[in-house]
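Please open the model in your viewer and keep the sequence panel beside it, since the stops below are given as residues and elements to select one after another.

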Amino acid sequence: MASHFQGRLREAYNAMSARVLDVMQGEHGVRQSLEHALMQAREWVMTASELTHEEADDLAATLRREVDELSQTLAAAEDEFEDWVETDLLVAENQALERVLLAADPTTRDLMRLKEMWAAQMAQLLHAGDTVGAGAYECVDCGEVLHFDAEENVLPACPTCGGTCYRRLRSAVM
Ligand SMILES: [Zn+2]
């Protein structure tokens with residue numbers, strides 16, 4: 001983790017993280033790969049912060065490792081929650097990536113919170129065949145909403161798309 005950097009090295013690390021994100025997001029209208037952005041940021045931070053080659057290499061290697069760790073965590077989370085709405089995942093993924101690249105002190109605790117958040121959302125999902133109470137249930141795949149008035153109902157496959165994954169709507173208009 002980046003936290004072992006102190007003083008000017010920490011400042012340089014943060015500056016480099018921000019630089020990498022700028023370059024990747026297409027500072028000059030062209031999006032760059034992480035590899036390329038890291039190389040550029042390494043050269044830039046060495047001059048800007050007057051670092052030695054060794055220090056700059058160390059910072060770049062650490063940043064690289066953190067991005068790799070995050071990617072693996074996100075990939076694992078993605079597998080685990082593959083049924084989860086894609087757009088939600090992408091938004092969360094981007095936010096997490098930005099946090100690692102921008103944040104002064106990215107910690108695994110942030111990632112754990114992200115995973116817990118997803119887990120909590122997944123735990124609330126219901127499936128075709130489940131017995132549910134009165135209320136409104138939204139198909140995760142297509143957004144079709146089923147309304148039930150009875151006390152006990154068996155969720156069918158989605159009549160619109162055949163999906164089998166639902167979430168209960170909290171503020172259902174009955
Ligand atoms: Zn559906």
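Begin by selecting Leu38, which touches Val20, Ala60, Leu63 and Arg64 when residues up to four places away in sequence are left out; a contact here means that the C-beta atoms of two residues, placed from the backbone, lie within 7 Å. Before going further, note that this is a predicted model, in which local features need pLDDT of at least 70 and side-chain atom pairs count only at pLDDT 80 or more, whereas totals for chains, interfaces and linings use all residues. Residues are numbered from 1 along each chain as its sequence is written.

**The helical core**

Keep Leu38 selected and add Met16, Val20, Ala41, Val45, Leu59 and Leu63, which together are the residues with the most contacts inside the largest nonpolar core, a set of 13 residues. Such a core consists of buried Ala, Val, Leu, Ile, Met, Phe, Trp, Tyr and Cys residues joined through C-beta atoms within 7 Å, and a residue is buried if 20 or more other C-beta atoms lie within 10 Å of its own, exposed if 12 or fewer, and partly exposed in between, with C-beta atoms placed from the backbone. Now colour α1 (7-24), α2 (34-48) and α3 (53-80), the elements that give two or more residues to this core, with α1 giving the most, at 5 residues. A second, separate core of 5 residues can be selected next, and it includes Tyr137, Val140, Cys158 and Tyr166.

**The sheet**

Tyr137 leads on to the strands. Helices (H or I, at least four residues) and strands (E, at least two) are DSSP runs numbered from the N terminus, and two strands pair if DSSP finds at least two bridges between them. Select the open sheet of 4 strands, whose order is β1-β6-β3-β4 with antiparallel pairing; β1 and β4 (145-148) stand at its edges, each with a single partner strand, so one side of each is left without a neighbour in the sheet.

To walk across the sheet, start at β1 (residues 125-127), joined by 3 bridges to β6 (residues 165-168), where His127 stands opposite Cys165. Another 3 bridges join β6 to β3 (residues 135-139), and here Tyr137 faces Arg168 as its opposite residue in β6. Finally, 4 bridges join β3 to β4, with His147 in β4 as the bridge partner of Ala136. In the hairpin formed by β3 and β4, which has 5 residues between the strands, select Gly143, whose phi is positive and near 90 degrees.

**The whole chain, and where to be careful**

Zoom out to see 5 helices and 6 strands in the protein chain, of whose 174 residues 16% are buried. Then colour by pLDDT, the predictor's confidence in each residue, from 0 to 100: the mean for the protein chain is 74, and 58% of its residues reach 70 or more. Among the elements, helix α4 (residues 86-102) has the lowest mean pLDDT, 56, and strand β5 (residues 153-154) the highest, 94. Over residues 83-87 the pLDDT is below 50, although this stretch has 7 contacts in the model beyond near neighbours in sequence. Where pLDDT is low, the predicted coordinates should not be read in detail.
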